[in-house]
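Biologist: I would like a close look at one residue and at the packing that surrounds it. Please set out the contacts with their cut-offs, and then move outward from there.

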Amino acid sequence: MPPETPASDSSTIAAHPPQSLWRELRDAVRGTDADYTRIPLRRAVFLLAVPMVLELVLESTFAVVDIFFVSKLGPSAVATVGLTESYLFLLYAVAMGLAMAVTAVVARRIGEGKPEEAAVTAVQAIFVALLVAVLPALVGVFYAQDLLRLMGADAWVVEHGYRYTQWMLGGNAVIVLLFVINAIFRGAGDAAIAMRVLWLSNGLNILLCPLLIFGLGPIPALGIEGAAIATNIGRGCGVLFQLWMLFHSGKHIRIRLEQLAWRGAMLWNIVRTSLGGIGQMIVAMTAWIFLMRILAAIGSEAVAGATIAIRVMMFTMMPAWGMSNAAATLVGQNLGAGHADRAEASVWRIGWYNMAYLIGVSVLFFAFPQQLVAFFSSDPEVVKVGAEWLRILSYSFFVYGWWMVTVQAFNGAGDTITPTKINAVFFWLIQIPLCYALAIHFGWKELGVFWGVFVSETSVGLFTLWLFTRGRWKQAKV
């Protein structure tokens, strides 16, 4: 049975009487200065999870809107997005790994009652983010066509789609900064600010995407390139808003001008802590690149169908990821405050929420896979491929909910190495060989990839949950 903690609900009811759901929702969206290590655990989960869920729902809404408009340009345009995202996934791996470390360190400092150190840590994290962005930008700008050829792109993608790749990789600094600065806000407990950042960023993206792809009045139709430009403008505005809030409006963390200095020891602590997170994400993302390469050998329709399916999947998973991010903050802050049992209790509570939600999503995927994919493409083969994957996902999607939460518990505690080792075994040593054997050697084509993913990711979810119950993550130091 999951543990209950005397610091969770019962001992704080008198000091924090129940409030109406409407008031709790208002507080969650506006943001509060609540101490998440002391208020009732149910309220702490609600105040953190609501803005994180809303934040990621809008992020996934943009991903769906983006692919909806791009799909009007044809399967090769969708394949351009999919192949470019295979490289962006490497960048996401670094940004997300860095964000994991930033959340863990900032949350631990806040939990220890050291907001000044948390602010200085935030500054060093921004420095690291800027350094990380330089090399991918140069490679993307000068070698976009070569990168697409390497992934097996067809002639249209290489000739017409490379400018999309140039823009997306060349402007990667805004991607990394969005991840890292929002990780600062989440770790500190300012989840509502992180939510508003993505509302602004993705709201602009959704508005600009059709305008720049198809044109309107004096605005020229830029095609696939317009989608990338819209994304960079939206994310760039989001970063500017982040910086303004970080210096002026944070409730739990705020940077002062005198803190803008290079602190080698703190910067190295972030880098050291992030190595495990980067490693676990690189393992997962490179595995995805190999899968896309296998699908590219099958055909552009297979890539397009898989790309649409993954967008639908990510859209439905975002609420679960939002709740999982709340677990990372609660684990980090409660370990910093010395409440290990409360940290564990928060993971079990959020895990049950995630499982219940994703069971509902599984029913949707099983019952209406063709309709979901057909919303984005009228190509029968693309719809067939995407629907196949959604139907297979429905058989065990709810396991992902537990995997997300337990992984974020490890990361929130600062133990990013354990998930890296797990990912290396299940994704590199099991998933890639299995998918290749089923798809190519046994001739199952895209079905081989999808069933290989089903087996490997269901297994990794169950194993990670078992490892979490052993409790060694409670001893992690950051």
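Which residue has its backbone nitrogen 3.2 Å from a polar atom of the side chain of threonine 420?

Modeller: The backbone nitrogen belongs to glutamine 280, and the polar atom it lies 3.2 Å from is in the side chain of threonine 420. The model is predicted: local features need pLDDT of at least 70, side-chain atom pairs count only at pLDDT 80 or more, and totals for chains, interfaces and linings use all residues. Residues are numbered from 1 along each chain as its sequence is written, and side-chain values use heavy atoms, with hydrogens and water left out.

Threonine 420 belongs to helix H17 (residues 417-441), helices being DSSP runs of H or I with at least four residues, numbered from the N terminus. With a relative accessible area of 17%, threonine 420 is buried (under 20%, against over 50% for exposed and partly exposed in between, with a 1.4 Å probe and protein chains only). Apart from neighbours within four places in sequence, threonine 420 is in contact (heavy atoms within 4.5 Å) with Gly276, Gly277, Gly279 and Gln280.

Moving outward, another side-chain link is found at glutamate 457, which is part of helix H18 (residues 446-469). The side chains of glutamate 457 and tyrosine 400 are joined by a polar contact of 3.0 Å (N or O atoms within 3.5 Å, one able to donate a hydrogen and the other to accept it, with residues adjacent in sequence counted only if both atoms are side-chain atoms). Leaving out neighbours within four places in sequence, glutamate 457 is in contact with Tyr400, Phe427 and Gln431.

Tyr400 also appears in the largest nonpolar core, of 158 residues, where it is listed with Val102, Ile253, Trp389, Phe397 and Val449 as having the most contacts inside it; such a core is a set of buried Ala, Val, Leu, Ile, Met, Phe, Trp, Tyr and Cys residues joined through side-chain atoms within 4.5 Å. Helix H3 gives the most to this core, with 18 residues. Valine 102, not counting residues up to four places away in sequence, touches Ala125, Val180, Ala183, Ile184 and Ile270.

Trp389 leads on to helix H15 (residues 380-393), which has 14 residues. Ten of these 14 residues are buried, so H15 is largely enclosed by the rest of the structure; among the buried residues are Val385, Glu388, Trp389 and Ile392. The partners against which the buried residues of H15 pack are helix H11 (264-298), helix H12 (300-336), H13, helix H14 (369-374), H16 and H18. At the start of H15, a side-chain oxygen of aspartate 379 comes to within 3.0 Å of the backbone nitrogen of glutamate 381.

Aromatic rings add further links. Rings of Phe, Tyr and Trp (its six-membered ring) pair if their centres lie within 6.5 Å, counting as stacked with planes under 30 degrees apart, edge-to-face over 60 and tilted for the rest, and by this rule there are 20 aromatic pairs. In one of them, the ring centres of tyrosine 92 and phenylalanine 179 are 5.8 Å apart with planes at 55°, so the pair is tilted. This pair joins distant parts of the chain, since tyrosine 92 is in helix H3 (residues 75-111) and phenylalanine 179 is in helix H8 (residues 172-188), 87 residues apart. Tyrosine 92 is buried at 13% relative accessibility, whereas phenylalanine 179 is partly exposed at 27%. Another pair, tryptophan 348 and tryptophan 402, has ring centres 5.7 Å apart and planes at 65°, and is therefore edge-to-face. Here tryptophan 348 in helix H13 (residues 340-367) is linked to tryptophan 402 in helix H16 (residues 397-413), 54 residues apart. Tryptophan 348 is buried at 14%, and tryptophan 402 is buried at 8%. Ring pairs also join Phe68, Phe69, Phe214, Phe375 and Phe376 into a cluster.

As for H8, 15 of its 17 residues are buried, so this helix is largely enclosed by the rest of the structure. Glycine 189 follows H8 and has a positive phi, near 100°. Glutamate 55, in helix H2 (residues 41-70), is buried with a relative accessible area of 0%. Setting aside residues up to four places away in sequence, glutamate 55 touches Asn182, Arg186, Ala194, Met195 and Leu198. The C-alpha atoms of glutamate 55 and alanine 192 are separated by 8.4 Å, although these residues are 137 residues apart along the chain.

Methods:
Helix = DSSP H or I, 4+ residues; strand = E, 2+ residues; numbered from the N terminus. Expected span 1.5 Å × (residues − 1).
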